[in-house]
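This note sets out points for a colleague who is examining the model alongside its sequence. The points take up strand pairing, charged side chains and the nonpolar interior in turn.

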Amino acid sequence: MPFVEDGPAPRLEDGWFRWDTPLVAVKREWVDGYRHLNMGYYLVAYDLQTDRLWPHLGLGTALKKAGLGTFAAEAWLDYQREMTEAMPIGAESMVLAADDKRLLVKHRMFHFTEGWTASEHEVLYLCVDLNIRRVTPWPEEVREILAQRATGEPARRLALRRRGT
């Protein structure tokens, strides 16, 4: 999926990156036999949200041109209320924490016009050298942006740590 570098800019409020436009509407092909958003498509929507967020953290096309990218290492998803076909999905994101190689983000999905929360998603991302497919440190300018944007709010399920520690 392409980064959304030419779309509307978010507002930064209380640590949240917020947009004044919906992310997407629930598509017919995303709905399951129960007539609500299929669980896998929640992740598709959150991936779209990540693509919308990345340029505002220095993680978009410029990072990729430097031969670096982000890989999700761990994710947690909390379903709170169903979304059904054609509902407008709003999404917002918060940087919880970051270190030299890792980034912990929380996304929230909500009904764009009514405001109620449908889901929350925490993701631990790694900075990866795309040429050798190994974890590597963030560029200094990205580290500075992440340090400025990290709220320090505790995650519900994930942590900024190496596996096994």
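Why is strand E5 (residues 88-98) largely enclosed by the rest of the structure? The points below begin with that strand; please note that the model is a predicted one.

1. Enclosure of strand E5. Of the 11 residues in strand E5, eight are buried, so the strand is largely enclosed by the rest of the structure.

2. Partners of E5. Strand E2 (residues 16-18) pairs with E5 in the antiparallel sense, over three bridges. Within this pairing, Arg 18 has Glu 92 of E5 as its bridge partner. Strand E3 (residues 24-25) also runs antiparallel to E5 and is joined to it by two bridges; here the bridge partner of Val 24 is Ile 89 in E5.

3. The hairpin of E5 and E6. E5 and E6 run antiparallel and are joined by nine bridges. Three residues lie between the two strands, which form a hairpin. Ser 93 stands opposite His 107 of E6.

4. Arg 18 and Glu 92. The two residues form a salt bridge, in which the closest N and O atoms are 2.5 Å apart. The pair links distant parts of the chain, since Arg 18 belongs to strand E2 and Glu 92 to strand E5, with their positions 74 residues apart. Both Arg 18 and Glu 92 are buried. The reader may wish to view this salt bridge together with the strand pairing, as Glu 92 is also the bridge partner of Arg 18 in E5.

5. Other salt bridges. The structure holds 12 salt bridges. Among them is the pair of Arg 11 and Glu 13, whose closest N and O atoms are 2.4 Å apart. Arg 11 is partly exposed, with a relative accessible area of 31%, and Glu 13 likewise counts as partly exposed at 31% relative accessibility. Another joins Glu 85 to Arg 28, with 3.3 Å between the closest N and O atoms. This pair also links distant parts of the chain: Glu 85 is in the loop between strand E4 (68-79) and E5, whereas Arg 28 is in the loop between E3 and helix H1 (39-53), 57 residues apart. Glu 85 is partly exposed, with a relative accessible area of 36%, while Arg 28 is exposed, at 62%. Salt bridges with shared partners join Arg 11, Glu 13, Arg 18, Asp 20, Glu 92 and Arg 108 into one network.

6. Glu 122. Which side chain of opposite charge is nearest to Glu 122? It is that of Arg 156, 5.5 Å away; Glu 122 is buried and has no salt bridge. A salt bridge would require a side-chain nitrogen within 4 Å of a carboxyl oxygen. The residue is located in strand E7 (residues 117-129). Its side chain does reach backbone atoms: the nitrogen of Arg 157 at 3.0 Å, and the backbone nitrogen of Leu 158, which lies 3.0 Å from a polar atom of the Glu 122 side chain. Beyond four places in sequence, the residues touched by Glu 122 include Glu 74, Trp 76, Val 105, Lys 106 and Ala 155.

7. Glu 120. This residue is also found in strand E7. Glu 120 is buried, with a relative accessible area of 14%. Its side chain makes a polar contact with the side chain of Arg 156, at 3.1 Å. The C-alpha atom of Glu 120 is separated by 6.2 Å from that of Met 109, a residue 11 places away along the chain. Leaving out residues up to four places away in sequence, Glu 120 touches, among others, Tyr 46, Trp 76, Lys 106, His 107 and Arg 108.

8. Nonpolar cores. The largest nonpolar core has 17 residues, and those with the most contacts inside it are Leu 53, Trp 54, Leu 57, Leu 59, Leu 103 and Trp 138. Strand E6 (102-111), E7 and helix H3 (140-149) are the elements that give two or more residues to this core. E7 provides the largest share, three residues. Apart from this core lies another, of 15 residues, including Leu 23, Trp 30, Tyr 46 and Ile 89.

9. Surroundings of Leu 57. With neighbours within four places in sequence left aside, Leu 57 is in contact with Phe 17, Val 95, Val 142, Ile 145, Leu 146 and Arg 149.

Technical notes
Residues are numbered from 1 along each chain as its sequence is written. This is a predicted model: local features need pLDDT of at least 70, side-chain atom pairs count only at pLDDT 80 or more; totals for chains, interfaces and linings use all residues. Side-chain values use heavy atoms; hydrogens and water are left out. Helices (H or I, at least four residues) and strands (E, at least two) are DSSP runs, numbered from the N terminus. Buried means under 20% relative accessible area, exposed over 50%, partly exposed in between (1.4 Å probe, protein chains only). Lys and Arg count as positive and Asp and Glu as negative; His and the chain ends are not counted. A polar contact is a pair of N or O atoms within 3.5 Å; within protein, one must be able to donate a hydrogen and the other to accept it, and residues adjacent in sequence count only if both atoms are side-chain atoms. Contact means heavy atoms within 4.5 Å. A nonpolar core is a set of buried Ala, Val, Leu, Ile, Met, Phe, Trp, Tyr and Cys residues joined through side-chain atoms within 4.5 Å. Two strands pair if DSSP finds at least two bridges between them.
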